[in-house]
Amino acid sequence: MTRPVAQRVEWVDSTFTEEGWKDIDEVMERCKDSIVSCGFVAGEDNDVLVLALSWNPTEHSKDWGSVFVIPKRAIVSRRTLRLNGK
């Protein structure tokens with residue numbers, strides 16, 4: 001496998017509040033922050049981007065570790081990271 005691309009992805013997350021009565025303004029404010037994630041692009045299609053925190057470059061049956069999926073409609077921005085080394 002060739003070396004994967006690493007990217008920085010800014011995306012809007014969903015939130016869930018703990019039980020109990022809430023002030024709606026406080027709840028709505030929690031939903032406005034973006035999340036920033038960095039990782040190797042392990043997969044991608046029209047709907048989702050799959051990032052992995054770890055990549056196993058050896059001949060192995062499982063290539064990716066700490067994998068998570070971001071719906072593309074939640075992505076605000078993304079850019080390729082330049083990595084030093086081999």
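Is Arg78 buried, partly exposed or exposed? I looked this up before anything else, and Arg78 counts as partly exposed, at 32% relative accessibility. I note here that I am working from a predicted model.

**Entry: the charged pairs**

I searched the whole structure for salt bridges and got two. In one of them the side chains of Lys72 and Glu44 meet, at 2.7 Å from N to O. Lys72 sits in the loop between strand E4 (64-71) and strand E5 (75-80) while Glu44 belongs to strand E2 (residues 34-44), so this pair ties together parts that are 28 residues apart in sequence.

The other salt bridge brings the side chains of Glu44 and Arg78 together, at 2.8 Å from N to O. This one also links distant parts of the chain, with Glu44 in strand E2 and Arg78 in strand E5, 34 residues apart. I wrote down that Glu44, Lys72 and Arg78 form one network, joined by salt bridges that share partners.

Next I checked how open the other two members are. Lys72 is partly exposed, with a relative accessible area of 26%. Glu44 is partly exposed too, and its relative accessible area is 44%. Partly exposed covers the range between under 20% (buried) and over 50% (exposed), and Arg78 at 32% fits that label as well.

**Entry: the sheet**

What is the order of the strands in the sheet? I read it as E4-E3-E2-E1-E5, an open sheet of five strands with antiparallel pairing. E4 and E5 stand at the edges with a single partner strand each, so one side of each has no neighbour in the sheet. From one strand to the next, the twist averages 40°.

I then walked across the sheet, starting from E4.

- E3 and E4 pair in the antiparallel sense over seven bridges, and Leu49 stands opposite Ile70 in E4.
- E2 and strand E3 (residues 48-55) are antiparallel as well, over four bridges. Gly43 stands opposite Val50 in E3, and a hairpin of three residues joins E2 to E3.
- E1 and E2 run antiparallel and are joined by seven bridges. Val12 stands opposite Ser34 in E2, and Glu10 has Val36 in E2 as its bridge partner.
- E1 and E5 run antiparallel, joined by five bridges. Here Arg8 stands opposite Arg79 in E5.

A reminder to myself for reading side chains along these strands: in a regular strand they alternate between the two faces of the sheet.

**Entry: the nonpolar core**

Which residues make up the largest nonpolar core? I listed seven: Val9, Trp11, Val41, Leu49, Leu51, Ile70 and Ile75. E1 and E3 are the elements that give two or more residues to this core.

I picked Val9 and looked up its contacts, leaving out residues up to four places away in sequence. Val9 touches Leu49, Leu51, Ile70 and Ile75, among others, and those four are on the core list. The contacts of Val9 also include Ile35, Val36, Ser37, Ser77 and Arg78. Arg78 I had already met in the salt bridge with Glu44.

**Entry: two serines**

Ser37 turned up in the Val9 contacts, so I followed Ser37 next. Ser37 lies in strand E2. Is Ser37 buried or exposed? Ser37 is buried, with a relative accessible area of 9%. The side chain of Ser37 makes a polar contact with the side chain of Trp11, at 3.0 Å. Trp11 is one of the residues of the largest nonpolar core.

Not counting residues up to four places away in sequence, Ser37 touches Gln7, Arg8, Val9, Trp11, Leu51 and Phe68.

I looked up Ser14 as well. Where does Ser14 lie? Ser14 is in the loop between strand E1 (6-12) and helix H1 (24-30). Ser14 counts as exposed, at 64% relative accessibility, whereas Ser37 is buried at 9%. Ser14 and Ala74 are 60 residues apart in sequence, and their C-alpha atoms are 9.1 Å apart in space.

Technical notes. Residues numbered from 1 in each chain as written. Predicted model: local features only at pLDDT ≥ 70, side-chain atom pairs only at ≥ 80, totals over all residues. Heavy atoms only, no water. Salt bridge = Lys/Arg side-chain N within 4 Å of Asp/Glu carboxyl O. Buried < 20%, exposed > 50% of the residue type's maximum accessible area, 1.4 Å probe, protein only. Polar contact = N/O pair within 3.5 Å; in protein donor to acceptor, adjacent residues only side chain to side chain. Contact = heavy atoms within 4.5 Å. Pairing = 2+ DSSP bridges. Axes fitted to C-alpha atoms, helices over the stretch in contact; angles between N-to-C directions. Core = buried A, V, L, I, M, F, W, Y, C linked by side-chain atoms within 4.5 Å.
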